[in-house]
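Trainee: Could you take me slowly through one part of this model, the aromatic ring pairs? I would like each term explained as we go.

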Amino acid sequence: MSTRKRSSHLYSLLAADWSTLRNSNFRPDRKKVIREIAFCIMFLGNLLGYLSNSYNLLLASRFTLGFGTFWMSTALYVLLMEIVPVGVRNQLSVWAHLLWTFGCLVVVAIGYFIRDWNMMFLAVLIVVVICNIHVFFCFESPKFYLIKKNF
């Protein structure tokens, strides 16, 4: 497959990713479900990367992982902004982004010691499960309960 054709496919997949996110993630009745689905997509992307033995499968796993990570980070950020009092939203937003940056540095440090892609995906899979298992126990946003009148 040529580079131009591959980038065209990637562009269409990214456009589908954004339109799906825009139409479903910000609806108040689907935030918890989106977080759970995003966790499963991230898990699947990492597992696919761990089991991959070809470059194309590795690209597919990276796309799947990015798709799930984008959904998860957006849904958790929106939940955080709905729960926190207005006066401390800026500080918590900065801390959330600093922790994201710190996590990127940790992944680079792990990658320095693990040279095999399959083992790298396994290490990231373990971290994803440990850090994101809470999404199955998280409550819905207060906005959801107000709309459903379920206080």
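Mentor: What follows is a walk through the ring pairs and the residues that form them. This is a predicted model, in which local features need pLDDT of at least 70 and side-chain atom pairs count only at pLDDT 80 or more, while totals for chains, interfaces and linings use all residues. Residues are numbered from 1 along each chain as its sequence is written, and side-chain values use heavy atoms, with hydrogens and water left out.

A pair of aromatic rings is described by the distance of the centres and the angle of the planes. Rings of Phe, Tyr and Trp (its six-membered ring) pair if their centres lie within 6.5 Å, and planes under 30 degrees apart count as stacked, over 60 as edge-to-face and the rest as tilted. By this rule there are five aromatic pairs. One of them joins F67 and W71, which are tilted, with 5.1 Å from centre to centre and 35° between the planes. Both residues lie in helix 3 (residues 55-83), four residues apart, about one turn of the helix; helices are DSSP runs of H or I with at least four residues, numbered from the N terminus. F67 and W71 are both buried, where buried means under 20% relative accessible area, exposed over 50% and partly exposed in between, with a 1.4 Å probe and protein chains only. Ring pairs also link F63, F67 and W71 into a cluster.

Another tilted pair is formed by W117 and F121, at 6.0 Å centre to centre and 35° between the planes. These two lie in helix 5, again four residues apart, yet W117 is exposed, with a relative accessible area of 51%, whereas F121 is buried, at 4%.
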